[in-house]
Amino acid sequence: MDKNKHTTVLLSETVDGLQLKKNDTAIDATVGAGGHAELLAQAIGKGTLVAIDADKSSLALSKERLKDASAKVIYIQGNFRI
């Protein structure tokens with residue numbers, strides 16, 4: 001097992017619980033590599049996804065993962081607590 005590979009947990013349960021609809025706006029305040037964000041983007045279709053992470057390299061990973069998303073994705077490097 002690759003120690004550097006992150007396994008997204010409770011992915012479907014988390015996104016399903018939000019009950020998102022097409023064209024909604026969603027925020028992933030700790031986007032990381034984009035595991036949850038990818039499913040959020042699928043759920044909202046052409047809606048808007050705000051992807052926040054303090055780590056520049058995590059934002060780069062999520063940008064690559066979400067490059068084909070139909071949602072408008074806004075990337076913010078910062079801390080969601082501020």
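Helices and strands are taken here as DSSP runs, with helices of at least four residues and strands of at least two, numbered from the N terminus. The model described is a predicted one. Under this definition, Asn 23 is found in the loop between α1 and β1.

The protein chain contains three helices and three strands. From the N terminus, the elements follow the order α-β-α-β-α-β. Of the 82 residues in the protein chain, 30% count as buried. The exposed surface of the chain comes to about 5,700 Å². Carbon and sulfur atoms supply 53% of that surface. Among contacts between residues at least 6 apart in sequence, 51% join residues at least 24 apart.

The three strands form an open sheet. Their order is β1-β2-β3, and the pairing is parallel. Strands β1 (25–28) and β3 stand at the edges, each with a single partner strand, so one side of each lacks a neighbour in the sheet. From one strand to the next, the twist averages 15°. Strands of a sheet pair through backbone hydrogen bonds, either parallel or antiparallel.

Four bridges join β1 to β2. Thr 25 stands opposite Thr 48 in β2. Asp 28 stands opposite Ala 51 in β2. Between these two strands the chain passes through α2, and this β-α-β crossover is right-handed. On the other side of the pairing, β2 (residues 48–53) is joined to β3 (residues 72–77) by six bridges. These two strands also run parallel. Ala 51 has Tyr 75 as its bridge partner in β3. The chain goes from β2 to β3 through helix α3 (residues 56–65), and this β-α-β crossover is right-handed. Asp 53 stands opposite Gln 77 in β3.

Strand β2 is mostly covered, with six of its six residues buried. In a regular strand the side chains alternate between the two faces of the sheet. Thr 48, Val 50 and Ile 52 point one way from β2. Leu 49, Ala 51 and Asp 53 point the other way.

Two of the helices lie across pairs of strands. Helix α2 lies across β1 and β2, and runs at about 165° to β2. Helix α3 lies across β2 and β3, and runs at about 170° to β3. The buried residues of α2 are Gly 35, Ala 37, Leu 40, Ala 41 and Ile 44. They pack against α1 (11–18), β1, β2 and α3. Just after α2, Gly 45 takes a positive phi of about 60°.

The largest nonpolar core has 13 residues. Val 31, Ala 37, Ala 41, Leu 49, Leu 66 and Val 73 touch the most other members. Helix α2 (35–44) and strand β2 each supply at least two residues of this core. The largest share, four residues, comes from α2. Within α2, Ala 37 is one of the buried residues. Leaving aside residues up to four places away in sequence, Ala 37 touches Asp 28, Val 31, Leu 49 and Leu 66.

A further buried position is found in helix α3, which holds Ser 58. Ser 58 has a relative accessible area of 13%, and is therefore buried under the cut-off of under 20%. Not counting residues up to four places away in sequence, Ser 58 touches Gly 32, Ala 33 and Asp 53. Asp 53 is itself buried, in β2.

The loop between α1 and β1 offers a contrast. Most residues other than glycine have a negative phi. Gln 19 lies in this loop, and its phi is near 50°, a positive value in a residue other than glycine. Gln 19 has 62% relative accessibility, so it counts as exposed, the cut-off being over 50%. Asn 23, in the same loop, has a phi near 75°, which is also positive. At 57% relative accessibility, Asn 23 likewise counts as exposed.

Technical notes: Residues numbered from 1 in each chain as written. Predicted model: local features only at pLDDT ≥ 70, side-chain atom pairs only at ≥ 80, totals over all residues. Heavy atoms only, no water. Pairing = 2+ DSSP bridges. Right-handed = clockwise from strand over helix to strand, strands pointing away. Core = buried A, V, L, I, M, F, W, Y, C linked by side-chain atoms within 4.5 Å. Buried < 20%, exposed > 50% of the residue type's maximum accessible area, 1.4 Å probe, protein only. Contact = heavy atoms within 4.5 Å. Areas by Shrake-Rupley, 256 points an atom, 1.4 Å probe, with all protein chains shown as cover. Axes fitted to C-alpha atoms, helices over the stretch in contact; angles between N-to-C directions.
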